[in-house]
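Me: Could you take a close look at the ligand site in this model for me? I'd like to know what surrounds the ligand and how far I can trust the picture.

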Amino acid sequence: MKNILAPSILSADIMRLGEQIEAVQKAGADYLHIDVMDGVFVPSLSYGVCVVESIRKSCDMVLDVHLMIVEPHRYVEAFAKAGADIITVHLEACDDVRETLEMIHFHGCRAGLSIKPQTPVEDVSGFLDLADLILIMGVEPGFAGQTYFPESTQRIRYLREQIGKQSHPIDLEVDGGITEENLREVLRAGANVIVSGSVIFSDPEKNTRRLMEILREEEKENTGAIIGGRTD
Ligand code: DX5
Ligand code: ZN
């Protein structure tokens, strides 16, 4: 199974965004994680559709858009048109989770579903048939640079098992509090997409390379160990 790194530009230097995106791509990151926050679902405000549109124009990475906004169905079409490849919504923020995931597919994107640390992990089980990605938050959403909740690892393990029972591939992404110290633990629990904000952007190229090395090493360790989920 291929492990994927998704640098989160929430921690990037906005004045040097283009250059920093090139640096993480050059160093081997495949996804670019874009955190959209509305000041309601989470306390912070970040950026919206036009930022995705602008990044899309000069970046061919997979754009992994994490919507931390209420009633995300209202913006699915706009983010899809702006060039998102993956649109992830929060289960807690949706009026109708199935409809929202179907809408993401209708607009030609891969559909992600995320849960906050306090939401029972079993709550996503009923939506796996429609999900291309499940995002487990390792911290309360809203801010970069927080400390990983160790209980998240068990949640990753549980979901990897559930994903293994599905007939289609599903990425299992972990977001928040990832460091060089806990990276192997989350990979071994079954996460295959790793979001990293503050760690990577303290030195984008160097730290992408360091994390990518660990991702590659763990791929070799785990060859054949995980049944189900993404194998490409
Ligand atoms: C937090 C965001 C994360 C954030 C992660 O709500 O969803 O993507 O950028 O930052 P770190 O890796 O610093 O915890
Ligand atoms: Zn995120």
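**The site around ligand 1**

Reply: Start with the space itself: ligand 1 takes up the largest pocket. Bear in mind that this is a predicted model. Three elements each give two or more residues to the shell around the ligand, namely β2 (31-37), β3 (62-68) and β8 (193-196).

Now for the residues. There are 19 around ligand 1, and the ones that come nearest are Ser8, Asp35, Gly142, Asp175 and Ser198. Sort that shell by character and you get ten polar residues, seven nonpolar and two charged.

Next, the polar contacts made by the backbone. Gly142, already listed with the nearest residues, has a backbone N or O atom 2.7 Å from an oxygen atom of ligand 1. Gly177 puts a polar backbone atom 2.8 Å from a ligand oxygen. For Gly197, a backbone N or O atom also sits 2.8 Å from an oxygen atom of ligand 1. As for how covered the ligand ends up, it has 380 Å² of accessible area on its own, and the protein covers 100% of that.

On to trust. The mean pLDDT of the protein is 95, with 96% of its residues at 70 or more. Element by element, helix α8 (residues 204-221) has the lowest mean pLDDT, at 96, while strand β4 (residues 86-90) has the highest, at 99. One general caution: predicted coordinates shouldn't be read in detail where pLDDT is low.

How values were computed: Residues are numbered from 1 along each chain as its sequence is written. Chains are lettered from A and ligands numbered from 1 in the order in which they are written. This is a predicted model: local features need pLDDT of at least 70, side-chain atom pairs count only at pLDDT 80 or more; totals for chains, interfaces and linings use all residues. Side-chain values use heavy atoms; hydrogens and water are left out. A residue is near a molecule or strand if one of its heavy atoms lies within 4 Å of it. A polar contact is a pair of N or O atoms within 3.5 Å; within protein, one must be able to donate a hydrogen and the other to accept it, and residues adjacent in sequence count only if both atoms are side-chain atoms. Accessible areas come from the Shrake-Rupley method with a 1.4 Å probe; for residues, only the protein chains shown count as cover. On a 1 Å grid over the protein atoms alone, a cavity is a set of points where a 1.4 Å probe fits but cannot get out, and a pocket is an open set with protein on both sides within 12 Å along at least five of seven lines; lining residues have an atom within 4 Å of a point. A molecule sits in a cavity or pocket if more than half of its atoms lie within 2 Å of its grid points. Helices (H or I, at least four residues) and strands (E, at least two) are DSSP runs, numbered from the N terminus. Ala, Val, Leu, Ile, Met, Phe, Trp, Tyr, Cys and Pro count as nonpolar, Asp, Glu, Lys and Arg as charged, and the others, Gly among them, as polar. pLDDT is the predictor's confidence in each residue, from 0 to 100.
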